[in-house]
Amino acid sequence: MLLLGCIKEVSDYELAISLPNGISGFVPVTQISDAYGKLLTKQVAQGELLEELNSLPDMFSPGTLVRCIVTSIEKSDDGRRSVKLSIDPKKVNKGLNSTALAAGMLLSGSVMSVEDHGYLIDIGVTGTHAFLPHQKAKTYIKALKKGPDLKIGQNLNCLIVEVKNEGRVVCLSIDRSEVAASIATERQNWTLSNLLPGLVVKARVQKVAPLGMKLTFLSYFTGIVDFMHMDPEKSMSYSPDQVVKACVLSVHPTSRAVRLTLLPPFLHAGGAPRQLPGQRMGAVLEEATVKAFYKQFGAVFELDDGTLAFARLKHLSKTRKSFKPGAFKEGCKHKCRIIDYSLMDEMCIVSLKHQVIEAQFLQYQDIHTGDVVQGKVLSLKPIGMQVKVADGIRGLVPSLHLSDVILKQPEKKYNIGDEVKCRVLECNPEGKKLILTLKKSLVQSKLPVLSNYEDAKPGLITHGFVVCAREFGCIVKFYNDVKGLVPKNELGSEPISCPDKVFYEGQVLKVMVLKCEPQQERLLLSFRLSSKPGPEDKWKCTPKEKQEVKYQIGEVVDVKICQKKDNGLEVSILEDEDNVVAWIPMLHLSDFVATSKLLWQGLQEGDVLPRVMYLSDKGEHIILSRKSAVISAVQEGQVVRSFSEIQPGMLLTGYVRNVMPFGVFVEFPFGVTGLAPKVSMSDKFVTDTKDHFVVGQTVIAKVMSIDEEKQRVLLNLKVSECSSGDSAAESFALLNQYFKELKEIRDLLKRGKPSICELVPGKRLHLVVQDVREDGSALFSGSSATGWTVTATHYHLGDKKIAPGEKRKALVLHVDALTSEVYVSLREELLKQRP
């Protein structure tokens, strides 16, 4: 069947065509023309883009009229019919032959090649060469604004200007004014077998009926005009024998039935139908009046602005069973919603279905990036999940976005037909492309949606997902394919040497925008969300931007405490004329994590700390360490100064930099970092890495292997593997160091609490009961424990009942200098053991 259609949408792979009576069809990219098909085949065979092959959007524009032929009608799984069309002149003009060609004829052509003086045009007639001079194409090309030349495969409305050699050569024109003025006449010898849609004819009214009329044209042809295609301003005034201008809409190949239109935009060949104003699409109308009802097809309504609208039969009620024909008598009013617009009928398509009227989305244009939508699972494929958001709207959830973690077997979590709550990552209405995510942390996020580079202002905090983790850092993506880089130094408050071990593809994280260049689409990000600097940035060395570094790593200096901060000490290096300021992180005050906190508590501004080692210079910061085991290792030369010096089997002293679920990162002096995987962390079975190590802990690590290409070091922290031989001597040396530091702390704490010297485990005290708590424990006071909180648990109160005000003897069990708490026991068996 031949039809006149109007291009509705253009994508890279097909043209969506509006056909008469509210029908839509599709022209695949393979059905444009012979010459275009050959270029496509050549491009596929060569596997590279051809310069002469233009995309469909480069050649076709919405609103253009085209002649089509129906090639097939396909039925989808859900029962919908899809009309496949072709605009190939060989198929559209198959009824024509070279002897039938005459000057003044209007027919479809397609550009076959570009020559010096014009274009060779394929008009689908065997044995005929059609030529279009440049002069006859100038105005058309200028109006089209698609480039300086016509392109191979471009579809044209051609007017035959001259026929030579009995139809073997024809000269064409596509000049807009010449095409628009053309009218099909008897002299052109049109027959029913070659009559083409789009021809404008002079016709005579033969019969007028309520729902249309019959016309005669070109002497002996008859055609039908249904009432939707009468000129609305003249529909009541048509009378028999009246002469009107009409345009052929369709020609049925077997019944030879010809349909025509009298709508003004079609009465000049190559005209363009009126478009629907954008704001009307999706509008809900409270009252639309039934104008006519066709029991086979549907109903025509008159809308509030006087225009006509059509509702297909299936859109008049929820189901076929619930349909009541009596409700669609002429004059009845119904609530409806505009769901589409038929360009060929210049008429809105409406639906009376409740679920359509209430639907949140009708077309891809209604969906915006960042919207949270409900959908139904249609299918699960290796690339991801297909989700139905609404009728005619489908989205894809890529496999990376099926969950917060990567799902190896998504079919175990999701079933076809499941309702899912998604968030729109990307929506491209032109290409009908909808990308969704099911990651809960993105769906439920209350942070701003970052969907373009212009909105990425420095300081903005939002959620993104990791798409790549490499040595240089992480690439993080947001909505609408906006992406940025988190450089290595912004991955965390502690340096991370192997980002690919810490971060995984698809991981959702909060990020802060540091810098954005919208024109270059460049975005610099940070995982360090606080506007406060990191632990090593919370102070400034001096008012100068940067100090000249005078010290070498491993050099030991004495320092004086300038200021106590929450996470360390700001110190000045003694015997330095420039009063160089440096930083000792709290965790570097001792080899023992608990002792570091006690030392920090006991130290005061103005105290001098001897024998502190220069550890590193991170740009603006001089970092010092007081870890004696690390200092000894450096002084004895048991260190590596660069990656190239590392050898498997080495024993190195370092400190825990980061504890991750998969292992522990250890840093050594001079900045070399290694990873101890979970299996190599302990001689015991490791369930949770945090139960075995804490950040700042001094460790001895054995080098297992090195990867020079990726600059990675794998370590072993098992005690059985990390002993140098004399484990007893090592243990005693560590214990000796620990007790030495405890004595130092005790001396420091004496200044604020002299009683700490007296309060030692095993000492007897005379106390007064202050309170007995609900849990059975008791609170005490005494002259020898002033300024301390003295408690005994229910067990340590013994068998005797006590009451507030009673005097009791007690034995000190433990003194916590950090919290100023003393734990005592009143049990007889313990008191008897002490004199």
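**Briefing: domains, cores and salt bridges**

Glu 178 has a relative accessible area of 29%, which makes this residue partly exposed. The structure is a predicted model. The assignment divides the chain into six domains, listed below, and a search of the whole structure finds 20 salt bridges. The largest nonpolar core has 61 residues.

**Domains**

- Domain 1 covers residues 278–358, domain 2 covers 364–444 and domain 3 covers 453–526.
- Domain 4 is made of two segments, 550–619 and 726–751, while domain 5 spans 631–721 and domain 6 spans 754–831.
- Between the C-alpha centres of domain 1 and domain 5 there is a distance of 74 Å.

**Nonpolar cores**

- Within the largest nonpolar core, the residues that touch the most other members are Ile 121, Leu 150 and Leu 215.
- Apart from neighbours within four places in sequence, the contacts of Leu 215 include Ala 203, Val 205, Phe 221, Val 225, Val 244, Ala 246, Leu 260 and Leu 262. Arg 204, Gln 206, Thr 222 and Gly 223 are also among the residues that Leu 215 contacts.
- A second core, separate from this one, holds 26 residues, among them Val 290, Met 344, Cys 348 and Val 350.
- As general background, nonpolar side chains in soluble globular proteins tend to be buried together.

**Salt bridges**

- Asp 122 and Lys 90 form a salt bridge in which the closest N and O atoms are 3.5 Å apart. Asp 122 belongs to strand S7 (residues 118–122) and Lys 90 to helix H3 (residues 89–92), so this pair links distant parts of the chain, 32 residues apart. Asp 122 has a relative accessible area of 7% and is therefore buried, whereas Lys 90, at 39%, is partly exposed.
- Glu 178 pairs with Lys 136 in a salt bridge of 3.1 Å, N to O. Because Glu 178 sits in helix H5 (residues 176–181) and Lys 136 in the loop between strand S8 (129–133) and helix H4 (138–144), the bridge ties together parts that are 42 residues apart in sequence. Lys 136 is partly exposed, at 28% relative accessible area.
- Another salt bridge joins Lys 291 to Glu 302, with 3.7 Å between the closest N and O atoms. Lys 291 is in strand S16 (residues 284–294) and Glu 302 is in strand S17 (residues 298–302), eleven residues apart. Both partners are partly exposed, Lys 291 with a relative accessible area of 37% and Glu 302 with 31%.
- Asp 34, Lys 90 and Asp 122 are joined into one network by salt bridges that share partners.

**Helix H10 and the residue after it**

- Helix H10 runs over residues 628–635, and its buried residues include Ser 628, Val 630, Ile 631, Ala 633 and Val 634.
- Gly 637, just after H10, adopts a positive phi of about 80 degrees.

**Positive phi outside glycine**

- Asn 21 is not a glycine, yet this residue has a positive phi of about 65 degrees. Asn 21 lies in the loop between strand S2 (14–18) and strand S3 (24–28), and its relative accessible area of 31% makes Asn 21 partly exposed.
- Arg 611, likewise not a glycine, has a positive phi of about 50 degrees. Arg 611 is found in strand S34 (residues 608–618) and counts as partly exposed at 47% relative accessibility.

Technical notes. Residues are numbered from 1 along each chain as its sequence is written. This is a predicted model: local features need pLDDT of at least 70, side-chain atom pairs count only at pLDDT 80 or more; totals for chains, interfaces and linings use all residues. Side-chain values use heavy atoms; hydrogens and water are left out. Domain bounds come from an automatic or database domain assignment. Buried means under 20% relative accessible area, exposed over 50%, partly exposed in between (1.4 Å probe, protein chains only). Helices (H or I, at least four residues) and strands (E, at least two) are DSSP runs, numbered from the N terminus. A nonpolar core is a set of buried Ala, Val, Leu, Ile, Met, Phe, Trp, Tyr and Cys residues joined through side-chain atoms within 4.5 Å. Contact means heavy atoms within 4.5 Å. A salt bridge is a side-chain nitrogen of Lys or Arg within 4 Å of a carboxyl oxygen of Asp or Glu.
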